[in-house]
Amino acid sequence: MLPAQHLTLKKFEQFKAAMRPYDYFEMLDTLDFESLGEGDRFYLQCFGIYNSELEEESFMLRIRTPGGRIRAEHFSEIAKIAKSHDLRMVLTARAGIQLHDLEPENILEVFKAVNAMEGLTTWQTFGDNIRNVVTDPFDGRGVGCEIEVFPLIEKMQSFFVRNPDLVGMLPRRVSVGITGMRHNVSPLFSNDLLFALAKKGDLTGFNVYIGGKNTEVAMSADIFLVYDEVVPFFEALIFAFNRYGSREKRTRSRLFHMIEDIGMEGLKEKISEFYRKPWRGAGELQLQKWDFADFETLSDGSFGYRYRTDYGVVTPEEFEAIAGFVLENGAEVRLGIDQQIYILGINDKEVPFGRRETAPTVLACAGSEYCPFSYWSIKEESHMLPQREIEECGVIVGFSGCLKGCGRHKHADIGIVGLRSSRFGDDDRSARIFLGAEYTSGKRAAEAVFQSVPLAQMGRVVSLVLDEFRQSGFDTFEAFSASVLNRYEPEFLHLWFMAKLESGLEAKLLPDRDEMELMERNFAEKPYTALAKEKGFGEAAASIVKALWYAQEAPKVHHVRPEARRSR
């Protein structure tokens, strides 16, 4: 029974008040994993163990790999564990590893085996914790590296990972990214806290951005830090968030919401209670767009190789083969937040691995096979995308199975969310498609353009968008978004693409033109052009969607959400 003074707290806050997760850890050896309560499941998340009351016999373990760095020997050890217990392995969008299909009989054994590996831990990989600190996989090795940040990541992690006052005790999760690279494989502005390479006068350091999440872009704090100031500032922010962050509603308790409530200056004022140095204003951001190939030349003249996974799904045999090659060649293995594996320091552009034809710039969330929130089996449906076109265009695609956005669909050239709709007949899967992100420098997140596209038409619509990009003549899709797409409202873009789909006409979208003028010039005889003039672009686009895709006498659109089974 909780003390009376704790009963007014929200549920998870009641658990924290009753017992710190750090103190609960002592109970693991005596815990009955076949008979867990809600509180047990809350506490276990703080140590990387996930279990749902709806799947009581199934456990998952998430492994933290700081900065994506992991020893080849650990690759082999994890593979052996997975094979001996018949586990499935998935790489995460935060450069971690998940082991699925664990059972009450072996979860504690595997937990101990993983945490015994030097440099690896499962602590604080779920729940209200500081998640894996991420960076670019070429940190310290790439030609675009100005500052190697891994030593800073190690210092940050040593501060919090087994800190009794922080384990599971924050108002909500905090995701942290840091890069000293001019060129980054993946966008980083989805982090709650980002330290991004910048210059100020003669100094090279980091600009600070706060408040990002999967669906929002981190905002400039107008702060520039040099190398030795990063960790003290990080610690100060964590202390400030832990003391002043809201615990009233979980839906409004991220750093993003704290900024909404008290403003960026208000947050900086709270941080300054724990960080006594005066602020420097932001410097000039140094992040640049770069198109990465499977082989990249490193700063020492050796090569890095991007091993393509099946959208994060890997087998123990793949881990073993990679580990063997890395050890034999004196190379290094790292994990990227793009769910790919990077082998650094090889002497030539030859590797003994087959090359998957999956586009390496498609980031796919866990999907319904691994996550109760997902509407679709995202790993499988990703194969329905036009892989070759995506790769040829150098386009980043973020594919999420729900609006929580673990596929970072709002931080990609083309974002997709798998939803449900009863409008399209027997197959109720519908995709919401997002465009317009300017993610390299964190200028803006993508916006929904297509609200509901049948699964069977998803690849066709993506191809249509890519064709428009190719016609534009811009070198990158991000430049196309900035110069063309983002000059128009999403409702007009929806109508424009649907009109091209319906008519088959080769119309070209020109920047800064009157929207009705474009419609009348290219689709003058179409009834939806007149409808757009009378009732607006949204109504006109909806009329084409209905004519092309709706099943006859279909009921109204409804999205059936699966029962939520875990907290993030």
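# Salt bridges, strands and spaces

Glu38 is partly exposed, with 46% relative accessible area. The model is predicted, and every value below is computed from it.

**Three salt bridges**

Glu38 pairs with Lys11 in a salt bridge, with 2.6 Å between the closest N and O atoms. This pair connects distant parts of the chain: Glu38 belongs to helix H3 (residues 38–45), Lys11 to helix H1 (residues 11–18), and 27 residues separate them. Lys11 is partly exposed too, at 43% relative accessible area.

Arg41 and Glu56 also form a salt bridge, at 4.0 Å from N to O. Arg41 sits in helix H3 and Glu56 in strand S2 (residues 55–63), so the bridge ties together parts 15 residues apart in sequence. Is Arg41 buried or exposed? Arg41 counts as buried, because its relative accessibility is 11% and buried means under 20%. Its partner Glu56 is partly exposed, with a relative accessible area of 40%.

The third pair is Arg88 and Asp101, whose closest N and O atoms are 2.7 Å apart. Arg88 lies in strand S4 (residues 88–91) and Asp101 in strand S5 (residues 97–102), so this bridge ties together parts 13 residues apart in sequence. Arg88 is partly exposed at 30%, and Asp101 is partly exposed at 28%. Elsewhere, Glu13, Lys16, Asp128, Arg172, Arg247 and Arg250 are joined into one network by salt bridges that share partners.

These pairs belong to a longer list. The whole structure holds 44 salt bridges.

The table collects the accessibility values for the three pairs.

| Residue | Relative accessible area | Class |
|---|---|---|
| Glu38 | 46% | partly exposed |
| Lys11 | 43% | partly exposed |
| Arg41 | 11% | buried |
| Glu56 | 40% | partly exposed |
| Arg88 | 30% | partly exposed |
| Asp101 | 28% | partly exposed |

**Strand S5 and its partners**

Which strands pair with S5? S2 does, in the antiparallel sense, over five bridges. S4 does as well, also antiparallel, over four bridges.

His100 of S5 appears in both pairings. Met60 stands opposite His100. Arg88 has His100 as its bridge partner in S5. So Arg88 takes part in two kinds of contact: its strand bridge is with His100, while its salt bridge is with Asp101.

S5 is largely enclosed by the rest of the structure, because five of its six residues are buried. Five residues lie between the strands in the hairpin of S4 and S5, and there Ala95 takes a positive phi near 60°.

**Two single residues**

Thr121 lies in the loop between helix H5 (107–115) and helix H6 (150–160). Thr121 is buried, with a relative accessible area of 8%. Its side chain reaches the backbone nitrogen of Trp123 at 3.1 Å.

Glu517 belongs to helix H15 (residues 515–523). At 35% relative accessibility, Glu517 is partly exposed. Glu517 and Ala412 are 105 residues apart along the chain, and their C-alpha atoms are 30 Å apart.

**Cavities and a pocket**

Rolling a probe the size of a water molecule over the atoms shows where empty space is left. How many cavities of 30 Å³ or more does the search find? The search of the whole structure finds four. The largest cavity has a volume of about 70 Å³. Its lining consists of Phe138, Gly142, Val143, Gly144, Met181, His183, Trp290, Phe292, Glu296, Thr297 and Leu298. By class, six of these are nonpolar, four are polar and one is charged.

The second largest pocket has a volume of about 630 Å³. Its lining counts 39 residues, and those closest to its centre are Val185, Trp290, Thr361, Gly394 and Ile396. Strand S16 (362–364), helix H11 (387–393) and strand S17 (397–400) are the elements that give two or more residues to this lining. H11 supplies the largest share, three residues. The pocket lining divides into 19 nonpolar, 10 polar and 10 charged residues.

Trp290 links the two spaces: Trp290 is among the residues that line the largest cavity, and Trp290 is one of the residues closest to the centre of the second largest pocket.

Conventions
Residues numbered from 1 in each chain as written. Predicted model: local features only at pLDDT ≥ 70, side-chain atom pairs only at ≥ 80, totals over all residues. Heavy atoms only, no water. Salt bridge = Lys/Arg side-chain N within 4 Å of Asp/Glu carboxyl O. Buried < 20%, exposed > 50% of the residue type's maximum accessible area, 1.4 Å probe, protein only. Pairing = 2+ DSSP bridges. 1 Å grid on protein atoms, 1.4 Å probe; cavity = no way out; pocket = protein on both sides within 12 Å on 5 of 7 lines; lining within 4 Å. Points joined across faces, edges and corners; volume = space filled by probe spheres on them. Nonpolar A, V, L, I, M, F, W, Y, C, P; charged D, E, K, R; others polar. Polar contact = N/O pair within 3.5 Å; in protein donor to acceptor, adjacent residues only side chain to side chain.
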